[in-house]
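Biologist: Before I rely on the labels attached to this model, I would like to hear how each of them follows from its definition. Could you take me through them one at a time?

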Amino acid sequence: MVSLKPGVTPLPIILGYFVIVTIIIIILLLKAKPKFNAIDLAIIGVGGALVAIFDHIIGDAIFLPSGIYPIINPPVWFRIFVFFITVGVVRKVGSGITTMAVYDIVSDLLHFGFTGEPLWLLEDILTYGAIVDIAIFITRGKIFGIGEKRDQLLLAILEGGIIGFIFSFIHPFFTYGFFAPLIFGFIPNQARIMYLFITYIPGTTFVGAISAIIANRVSKVIR
């Protein structure tokens, strides 16, 4: 049985996830053969940059006491909000990983520098980006109920909430639990990992549902 001792997410779990997701994304891209037009690329470029700005500039500027943060987590919530709107407008397989690639590069330019690359890039595109692209493929481009003839609101809430819930695993187990220790050389606290996971779930699930509803509405106006 694989354990989390002394706090680092085990390498077999990380490698297994990334190998499987990489294979899935390659298959989906080959099947879908997405063709981005100039408008799609513009939306992805602007959207990815806005995700970085809302996350690392606007979100990080909001100071919250440690007892409230990360239960209330503006950077992550803004990231989900702008990301969902961007992919909700494009709705093509590949838009998720491409948007997150732009987000990662702009984030490095604005905030982090390029320490730890390309690991951060791989994490962003194969977690947040890949999860959304899989959802786009499963829904046949009608993610968040966009384009459905009925029950759009219900589908948006359901799909956005599920994706938001899945996102709650990423920072605790992938970022803090593996990549950050690998890059910066520290041993994470297992109790902190579980605390982050538990506190992320309500917020990312709720914000995911709300963001999906807004993405549904915005896509109708833009498209």
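Biologist: What volume does the largest pocket have?

Modeller: The largest pocket has a volume of about 650 Å³, where grid points are joined across faces, edges and corners and the volume is the space filled by probe spheres set on the points. Please keep in mind that this is a predicted model, in which local features need pLDDT of at least 70 and side-chain atom pairs count only at pLDDT 80 or more, while totals for chains, interfaces and linings use all residues. Residues are numbered from 1 along each chain as its sequence is written, and side-chain values use heavy atoms, with hydrogens and water left out.

Biologist: What makes a set of points a pocket rather than a cavity, and which residues lie nearest the centre of the largest pocket?

Modeller: On a 1 Å grid over the protein atoms alone, a cavity is a set of points where a 1.4 Å probe fits but cannot get out, whereas a pocket is an open set with protein on both sides within 12 Å along at least five of seven lines. A lining residue has an atom within 4 Å of a point; 29 residues line the largest pocket, and H56, R79, F112, H171 and T175 lie nearest its centre. Two or more lining residues come from each of helix 2 (38-61), helix 3 (74-90), helix 4, helix 5, helix 7 and helix 8, helices being DSSP runs of H or I with at least four residues, numbered from the N terminus.

Biologist: Why is T175 called buried?

Modeller: Buried means under 20% relative accessible area, exposed over 50% and partly exposed in between, with a 1.4 Å probe and protein chains only; T175 has 15%, so it is buried. T175 belongs to helix 7, and, not counting residues up to four places away in sequence, T175 touches W120, E123, I170, A180 and P181, contact being heavy atoms within 4.5 Å.

Biologist: Why is the pair of Y176 and F186 called tilted, and how do its two members count in accessibility, buried or partly exposed?

Modeller: Rings of Phe, Tyr and Trp (its six-membered ring) pair if their centres lie within 6.5 Å, and planes under 30 degrees apart count as stacked, over 60 as edge-to-face and the rest as tilted. By this rule there are 18 aromatic pairs. The rings of F83 and F84 have centres 6.4 Å apart and planes at 50°, so that pair is tilted, and both residues are buried. For Y176 and F186 the centres are 5.8 Å apart and the planes stand at 45°, so this pair is tilted. Y176 lies in helix 7 (residues 170-184) and F186 in the loop between helix 7 and helix 8 (190-222), so the pair ties together parts that are 10 residues apart in sequence. Y176, at 18% relative accessibility, counts as buried, while F186, at 30%, counts as partly exposed.

Biologist: How do you know that the length of helix 1 agrees with its residue count?

Modeller: The expected span is 1.5 Å times one less than the number of residues; the 22 residues of helix 1 (residues 11-32) should therefore span 32 Å, and the end C-alpha atoms are 31 Å apart, which agrees.

Biologist: What puts the buried residues of helix 1 on the same side?

Modeller: The buried residues of helix 1 are I14, F18, V21, I25 and L28. They cover an arc of only 100° around the axis, which puts them on the same side of helix 1, the arc being that of the directions from the helix axis to the C-beta atoms. The face turned away from that buried side carries the exposed residues P12, I20, L30 and K31.
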